[in-house]
Amino acid sequence: MKIGIDFGTSNSAAAAVVDGRVVPIQFGQAQQFRTTVYFPEVMRDPNDFALTPALEHDLARLIEAAARDARAAGQERAPDALRREALRVVRRQWMEEQMRAPLSSTKLLQNAVYGDEALEAYFEENEGNLVQSPKSMLGYNLHPRARQTITGIATHILEHIRLTASRQLEQPVRTATLGRPVQFRSSIGAAGNDQALDILHTAAIAAGFDDVDFLEEPAAAAMHYHAESAQEHDAVVVDIGGGTTDIAHARVGGRQPPKIHRAWGIARGGTDIDLALSLGGYMPLLGRGVSRVPNHHYVEAAMVQDMTRQRDFRQYNYRDVDAPWGKRLQALQDTGNTARLYREVEQCKIALSSAAGHDSNLDFIERGLAVQVDRARLETAAGGYLGELGSLLEQVRADIGHDPAAVFLTGGMSRAGYLQDAVAAAFPGSTLVRGNPSFGVVHGLAWAAAS
């Protein structure tokens with residue numbers, strides 16, 4: 001069975017096509033989960049498992065069988081290659097066995113918590129490791145050890161998806177089509193794309209997949225829109241996510257397969273609005289702009305996806321900073337509080353999409369501390385991203401040379417009315433079609449996997 005996986009910056013989802021229809025994979029009661037994982041224990045290497053005498057026996061048996069099959073086919077395979085292949089099978093079977101073990105098992109994977117529950121568990125336990133939005137770091141210049149850590153985290157998340165899908169579909173899931181942005185967030189230019197794909201491929205194989213392929217996310221969204229369109233027509237697909245914004249020009253609908261003409265993308269999305277909203281609406285209560293604390297300290301505190309920046313922020317000494325800023329910054333350094341603040345900012349951004357104002361209680365920083373943020377503050381925070389989005393849409397319009405029949409809008413951030421207005425304004429002669437914000441991409445990936 002092959003599934004489609006949307007490994008997102010903010011949320012992740014998976015789906016498969018069964019008997020001609022898309023079947024979403026259920027993660028608890030939901031069809032997606034926040035791309036966040038909490039490890040109550042110290043994280044270990046994903047390949048760290050012990051070869052017991054019984055597993056050694058299984059390994060030898062698999063090597064012997066593979067060698068025998070190769071000889072029967074007139075081939076001679078190297079012993080090292082046979083062992084590597086057999087070891088991967090043994091490890092995968094071992095991982096699946098751990099998932100079937102009693103709930104009292106103390107294995108790391110068994111104890112890992114995903115999604116919103118990961119945040120709650122981290123806040124309650126006040127220890128362990130919380131990792132948010134690892135996708136946003138895949139294209140950055142990583143020290144070898146940091147790369148190993150990021151790969152391990154991605155492995156655990158993809159393993160969680162694969163095993164959940166296997167249980168629901170009642171058959172082993174061994175292959176997948178993974179969505180990828182046109183342009184990953186990167187600090188090393190085009191090389192960041194290659195590195196990100198290599199990390200994801202390595203993680204997927206370690207997670208027990210035999211084979212994976214990649215499809216650009218706007219192309220996947222186009223496949224979803226194609227499956228729902230009876231008449232063939234010209235369309236622009238706009239996918240606005242948490243970390244990236246991707247656009248595709250495609251011919252969709254009707255009986256012929258969809259044809260993707262071209263794709264564009266920028267490594268910007270909803271998390272950039274979150275950062276600006278945090279800095280402008282929340283960090284002034286901690287002294288930003290009025291204390292002598294450098295601005296980059298507040299940026300590091302707000303960027304919860306960046307483990308290095310979070311570590312740097314926790315190491316600063318604020319004991320001599322004037323009241324009340326010093327005490328508040330020290331409180332923000334306490335375990336879990338940057339994640340709590342980030343969640344408040346996210347909730348504020350969502351609320352202000354439909355309300356004039358939003359109140360946030362910041363008792364975890366200081367008793368009685370609160371802030372009211374109005375829609376004007378969100379509009380200011382979104383200004384930088386809207387400028388980049390407008391430039392991208394202008395480029396797409398110029399490259400195409402005409403308004404398409406329809407503009408299909410999807411992605412988690414496509415719920416925001418101000419972003420819908422920006423997209424509609426860029427293509428005034430097109431019909432704006434609002435797709436499923438959360439599942440347009442993953443449904444298309446499922447169709448791609450099935451084909």
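This is a short tutorial dialogue on reading the features of one predicted model.

User: Before we start, what kind of model is this, and how are the residues numbered?

Analyst: It is a predicted model, in which local features need pLDDT of at least 70 and side-chain atom pairs count only at pLDDT 80 or more, while totals for chains, interfaces and linings use all residues. Residues are numbered from 1 along each chain as its sequence is written, and side-chain values use heavy atoms, with hydrogens and water left out.

User: Good. How many helices and strands does the chain have?

Analyst: Helices (H or I, at least four residues) and strands (E, at least two) are DSSP runs, numbered from the N terminus. Here there are 15 helices and 16 strands. The radius of gyration is 24 Å, close to the 22 Å that the globule rule gives for 451 residues, so the chain is as compact as a globular protein of that length. That radius is taken over C-alpha atoms, and the rule is 2.2 Å times the number of residues to the power 0.38. The C-alpha trace spans about 75 × 60 × 40 Å along its principal axes.

User: What share of the residues is buried?

Analyst: Buried means under 20% relative accessible area, exposed over 50%, and partly exposed in between (1.4 Å probe, protein chains only). By that cut-off, 52% of the 451 residues count as buried. The accessible surface of the chain comes to about 20400 Å², and 48% of this belongs to carbon and sulfur atoms. Those areas come from the Shrake-Rupley method with a 1.4 Å probe; for residues, only the protein chains shown count as cover.

User: And which share of the contacts joins residues far apart in sequence?

Analyst: A contact means heavy atoms within 4.5 Å. Among contacts in the chain with a separation of 6 or more, 70% come from residues 24 or more positions apart.

User: Now the strands. How do strands of a sheet pair?

Analyst: Strands of a sheet pair through backbone hydrogen bonds, either parallel or antiparallel. In this work, two strands pair if DSSP finds at least two bridges between them. Take strand S2 (residues 11–18), where six of the eight residues are buried. Strand S1 (residues 2–6) pairs with S2 in the antiparallel sense over three bridges, and Ile5 has Ala14 in S2 as its bridge partner. Four residues lie between S1 and S2 in the hairpin they form.

User: Which other strands pair with S2?

Analyst: Strand S4 (residues 33–34) pairs with S2 in the antiparallel sense over two bridges, with Ser12 opposite Phe33. Strand S3 (residues 21–24) is also antiparallel to S2, over four bridges, and the bridge partner of Ala15 in S3 is Pro24.

User: What is the backbone doing in the turn between S2 and S3?

Analyst: That hairpin has two residues between the strands, and Asp19 there takes a positive phi near 55°. Asp19 is a residue other than glycine, and at 79% relative accessible area it is exposed. Another case is Glu170, with phi near 60°. Glu170 lies in the loop between helix H5 (144–169) and strand S8 (175–180) and is exposed at 73% relative accessibility.

User: Where is there a cis peptide bond?

Analyst: Look at the bond from Ala323 to Pro324, which is cis with omega near 0°. Pro324 sits in the loop between helix H10 (307–314) and helix H11 (325–333).

User: Back to sheets. What is the strand order in the open sheet of three strands?

Analyst: The order is S6-S5-S7, with antiparallel pairing. Strand S6 (113–114) and strand S7 (129–132) stand at the edges, each with a single partner strand, so one side of each is left without a neighbour in the sheet. Strand S5 (residues 36–39) pairs with S7 over four bridges, and Thr36 stands opposite Gln132 in S7.

User: Last one: is Glu346 buried or exposed?

Analyst: Glu346, in helix H12 (residues 337–352), counts as buried at 14% relative accessibility. Leaving out residues up to four places away in sequence, Glu346 touches Arg34 and Asp274. The C-alpha atoms of Glu346 and Val18 are separated by 35 Å, with the two residues 328 apart along the chain.
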